[in-house]
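Biologist: I am new to this structure and would like a close look at a single part, the sheet. Please take me through its strands and then what packs around them.

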Amino acid sequence: MNRLNEQNMKRRFALCAFLFLCFALPAQGGGFDAQRRQMVKEVLVDTAATASYSGSRALSPEVVAAMGKVERHRFVPATLAAVAYLNRPIPIGHGQTISQPFIVALMTELMKIKKGDRVLEIGTGSGYQAAVLAEIAGSVYTIEIIEPLGQEAGERLKSLGYRNVETRVGDGYYGWPQAAPFDAIMVTAAASHVPPPLLKQLKPGGRMVIPLGTQFMTQYLMLVEKQQDGTLTTRQILPVRFVPLTGGH
Ligand code: SAM
């Protein structure tokens, strides 16, 4: 075999191996479970590596269990199911993304949710983050501004058996006053400031996690805590990159 043919054979073999890893392996049920375990391992490595920023060296057993249980491949477009367990954001249509698993886990961890807590999420997207929250909290209320995304996510969560998640299409800037107050609030799109209606709907002792900043400047994930006397403390956690919080505010 001449050198050119040999190189072509090697290239073809590498392409076949890549396609097999991307499509054939994950298509088997067991493939997704193994990939999810690997994703959780990578999330734990990232958590330890960023402990000096976040203050969280490890994830709580509840967050690890939720990340290990929720089937991320059911929340991404079918054509991207094969890459659902990469520790990366994934497009979900309408110019939006499902957040990186490490960020989903870190934001959930920072909320310190307890069993029975009432939680509000702004930015339902695919519904994945809401499902992770629902594994730990008592009830989850989630708002999405893009109608088809919100409707799809609502149907998906229902079909997956999440009875403790309420979905709504609307502008999350104004929160969900009828279901307030909340023990914890998570905003999954970057805002220029903390929306006052959300602060009002947070219980004393409650926590809010929100990315602050604009699309073209550095954004920071912030932890806002409302003390029992109503005063607020804020802590900057990590530089992040989120799609913007849109709407009419
Ligand atoms: N949490 C989502 C998930 O698990 O798939 C990913 C969220 S994605 C990073 C941000 C979402 O926030 C987008 O779906 C976007 O349409 C939504 N969004 C942006 N501004 C909003 C607003 N004012 N109210 C509600 N949702 C908003």
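**The sheet and its surroundings**

Modeller: Strands β7 and β8 run antiparallel and are joined by six bridges. One of the pairings sets M208 against V224, its bridge partner in β8. Between these two strands the hairpin has six residues, and G213 there takes a positive phi near 140 degrees. Please keep in mind that this is a predicted model.

From β8 the chain goes on to β9. These strands also run antiparallel, with eight bridges between them. Q219 has V240 in β9 as its bridge partner. The hairpin of β8 and β9 has five residues between the strands, and G230 in this hairpin takes a positive phi near 90 degrees.

These strands belong to an open sheet of seven, in the order β5-β4-β3-β6-β7-β8-β9, and the pairing is mixed. The edges are held by β5 (165-169) and β9 (232-240); each has a single partner strand, so one side of each is left without a neighbour in the sheet. From one strand to the next, the twist averages 15 degrees.

The parallel part of the mixture can be seen at β6. This strand, residues 182-187, pairs with β7 (residues 202-212) in the parallel sense over four bridges, and A184 stands opposite R207 in β7. Strand β3, residues 118-122, also pairs with β6 in the parallel sense, over four bridges. There E121 stands opposite M186 in β6. In general, the strands of a sheet pair through backbone hydrogen bonds, either parallel or antiparallel.

Next comes burial. β6 is mostly covered, with six of its six residues buried. In β8 (residues 219-226), six of the eight residues are buried, so this strand is largely enclosed by the rest of the structure.

A residue of β7 shows what such surroundings look like. V209 lies in that strand and counts as buried because its relative accessibility is 0%, where the cut-off is under 20%. Leaving aside residues up to four places away in sequence, V209 touches M107, L110 and M111, then I185, M186 and V187, and also L221, M222 and L223. V209 and M111 are 98 residues apart in sequence, yet their C-alpha atoms are 6.8 Å apart in space.

M111 and L221 also appear in the largest nonpolar core. That core has 50 residues, and those with the most contacts inside it are M67, M111, Y128 and L221. Helix α5 (residues 101-111) gives the most to this core, with eight residues. The contacts of L221, again not counting residues up to four places away in sequence, include L106, M107 and L110, along with V209, I210 and P211. L221 also touches R235, Q236, I237, L238 and V240. Apart from the largest core lies another, of 21 residues, among them L120, W176, A191 and I210. As a general point, nonpolar side chains in soluble globular proteins tend to be buried together.

Y128, from the list of residues with the most contacts in the largest core, has a charge placed over its ring. The charged end of R72 sits there, 5.6 Å from the ring centre.

The aromatic residues are the last subject. The model has five aromatic pairs. In one of them, the ring centres of Y141 and W176 are 5.2 Å apart and the planes lie at 75 degrees, so the pair is edge-to-face. This pair links distant parts of the chain: Y141 is in strand β4 (residues 139-144), while W176 is in the loop between β5 and β6, 35 residues apart. Y141 counts as buried at 13% relative accessibility, and W176 is buried too, with a relative accessible area of 8%. Another pair is made by Y173 and Y174, with ring centres 5.1 Å apart and planes at 70 degrees, so this pair is also edge-to-face. Here burial is divided: Y173 counts as buried at 10% relative accessibility, whereas Y174 is partly exposed, with a relative accessible area of 43%.

W176 has further partners. Together with Y141 and F182, W176 forms one aromatic cluster. The charged end of R168 sits over the ring of W176, 4.2 Å from its centre.

Definitions and conventions. Residues numbered from 1 in each chain as written. Predicted model: local features only at pLDDT ≥ 70, side-chain atom pairs only at ≥ 80, totals over all residues. Heavy atoms only, no water. Pairing = 2+ DSSP bridges. Axes fitted to C-alpha atoms, helices over the stretch in contact; angles between N-to-C directions. Buried < 20%, exposed > 50% of the residue type's maximum accessible area, 1.4 Å probe, protein only. Core = buried A, V, L, I, M, F, W, Y, C linked by side-chain atoms within 4.5 Å. Contact = heavy atoms within 4.5 Å. Phe/Tyr/Trp six-rings, centres within 6.5 Å; stacked < 30°, edge-to-face > 60°. Lys NZ or Arg CZ within 6 Å of the ring centre and 35° of its normal.
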